[in-house]
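Subject: Structure for you to look at, with notes

Dear colleague,

I am passing on the structure we spoke about, and I would be glad if you could look through it alongside the notes in this email. Please open the sequence and the coordinates first, and then read on.

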Amino acid sequence: MTQVSSDNVVVIAQRNDRERDRLYTILTSDDIVRTVRGTGARKHGAKIAPHMEPLLYTHIMVARNRGRGVVTFALCEESFSALRTQVSLFTTARSLLLAVERLTRDNMTVPRLFSLIYVSLHSANNIVERTRCIGGADTILLWAMFHTLALLGWPLSVSRQCVQCADAAPTHCVFDVAALWCGRCATRARHAQAISRDVAALLHIFATHTPHATHPATLAKVTVPASVRRETRRLLLSRIRYVAA
Ligand SMILES: [Zn+2]
């Protein structure tokens, strides 16, 4: 028997399947990651295709038969348009979503994941819209990741000194307590990762900017070397893996 249901979902990813279909990975409003089929979605003029692009927030109807879901209707409710015009933000937002996808299996309930992704995309989008600053896009993205981590229950404790002893400059990110510690204190931590001075400074800048910063332009002017961005991204993604494991 076929059951039809409707929901608002975040499209996480899409891939081609068979000659004319696409498989979509979606995150449902009750935090479940599912794969649904878009029958004929690769055909020219397919109605659902433009509404099922990755990073869209879409109202869909799914016909389910023997556990398999087929999308029968899709209408994009929010396109995060500012976010999608910024290539670097979009690319990294996608890598964030792919990390989420790797961490989750089909039909697996992931507490708070839906609101986490939706709110993160939404806030990144809003900031881009306000600043219109392409040079600052990576910086804004890092900020969005901090917001994401705070939503995961990980507001980072950062100061210019070791949060533990206050004597020395921080040199390690300690994942068990979500704080920056000096090397001596970090030897007592279970999950510590060495970070460079630049990353410590960058984390400090972000931690002292509140999520809805009233001065996004100040944030956008921060220039961040590519190597620092890469290292910070690696640290943040390893934290997400640690939280989700
Ligand atoms: Zn210390």
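What follows is an account of what was found, beginning with confidence and then moving through the strands, the cores and a few backbone details.

Please keep in mind throughout that this is a predicted model. The mean pLDDT of the chain is 76, and 58% of its residues reach 70 or more. Over residues 211-222 pLDDT stays under 50, and for this stretch the model has 20 contacts beyond four places in sequence. Where pLDDT is low, the predicted coordinates should not be read in detail.

As for the overall make-up, the chain has eight helices and nine strands, and buried residues make up 32% of its 245 residues. Of the contacts between residues at least 6 apart in sequence, 52% join residues that are at least 24 apart.

The pairing of the first five strands can be followed from one partner to the next. Strand 1 is joined to strand 2 by seven bridges, and the two run antiparallel; within this pairing Ala13 stands opposite Thr25 of strand 2. Three residues lie between the strands of this hairpin, and there Arg18 takes a positive phi near 50°. Strand 2 is in turn joined to strand 3 by six bridges, again running antiparallel, and Thr25 also stands opposite Thr35 in strand 3. The hairpin of strand 2 and strand 3 has four residues between the strands, with Asp31 in the turn at a positive phi of about 65°. Five of the seven residues of strand 2 are buried, so this strand is largely enclosed by the rest of the structure.

Strand 1 also pairs with strand 4, in the antiparallel sense and over eight bridges, and here the bridge partner of Val9 in strand 4 is Thr58. Strand 4 then pairs with strand 5 over nine bridges, likewise antiparallel, with Arg64 standing opposite Gly69 of strand 5. Two residues separate the strands of this hairpin, where Arg66 takes a positive phi near 50°.

These strands bring us to the nonpolar cores. The largest of them has 23 residues, and those with the most contacts inside it are Val10, Val11, Ile26, Leu27, Met52 and Val71. Two or more residues come from each of strand 1 (3-17), strand 2 (21-27), strand 3 (32-38), strand 4 (57-65), strand 5 (68-78) and helix 3 (113-131), and strand 1 gives the most, with four residues. The core draws at least three residues from each of domain 1 (3-78) and domain 2 (112-244). Met52 is a useful residue to inspect here: leaving aside its neighbours within four places in sequence, Met52 is in contact with Val11, Gln14, Tyr24, Gly38, Ala41, Thr58, Val71 and Ala74. A second, separate core has 14 residues, among them Val158, Cys162, Cys173 and Val199.

Further along the chain, three strands form an open sheet in the order 8-7-9, with antiparallel pairing. Strand 8 (179-181) and strand 9 (192-194) stand at the edges with a single partner strand each, so one side of each has no neighbour in the sheet. Neighbouring strands of this sheet are turned by 30° against each other on average, direction ignored. Strand 7 (residues 172-174) pairs with strand 9 over three bridges in the antiparallel sense, and Val174 stands opposite Ala192 of strand 9.

Two further backbone details may deserve your attention. Most residues other than glycine have a negative phi. Leu55, in the loop between strand 3 and strand 4, has a positive phi near 80°, and with 20 C-beta neighbours inside 10 Å it counts as buried. Ala166, in the loop between helix 4 (137-151) and strand 7, has a positive phi near 60°, but with 11 C-beta neighbours inside 10 Å Ala166 counts as exposed.

With best wishes

How values were computed
Residues numbered from 1 in each chain as written. Predicted model: local features only at pLDDT ≥ 70, side-chain atom pairs only at ≥ 80, totals over all residues. Core = buried A, V, L, I, M, F, W, Y, C linked by C-beta atoms within 7 Å. Buried ≥ 20, exposed ≤ 12 C-beta atoms within 10 Å, placed from the backbone. Domains from an automatic or database assignment. Contact = placed C-beta atoms within 7 Å. Pairing = 2+ DSSP bridges. Axes fitted to C-alpha atoms, helices over the stretch in contact; angles between N-to-C directions. pLDDT = per-residue confidence, 0-100.
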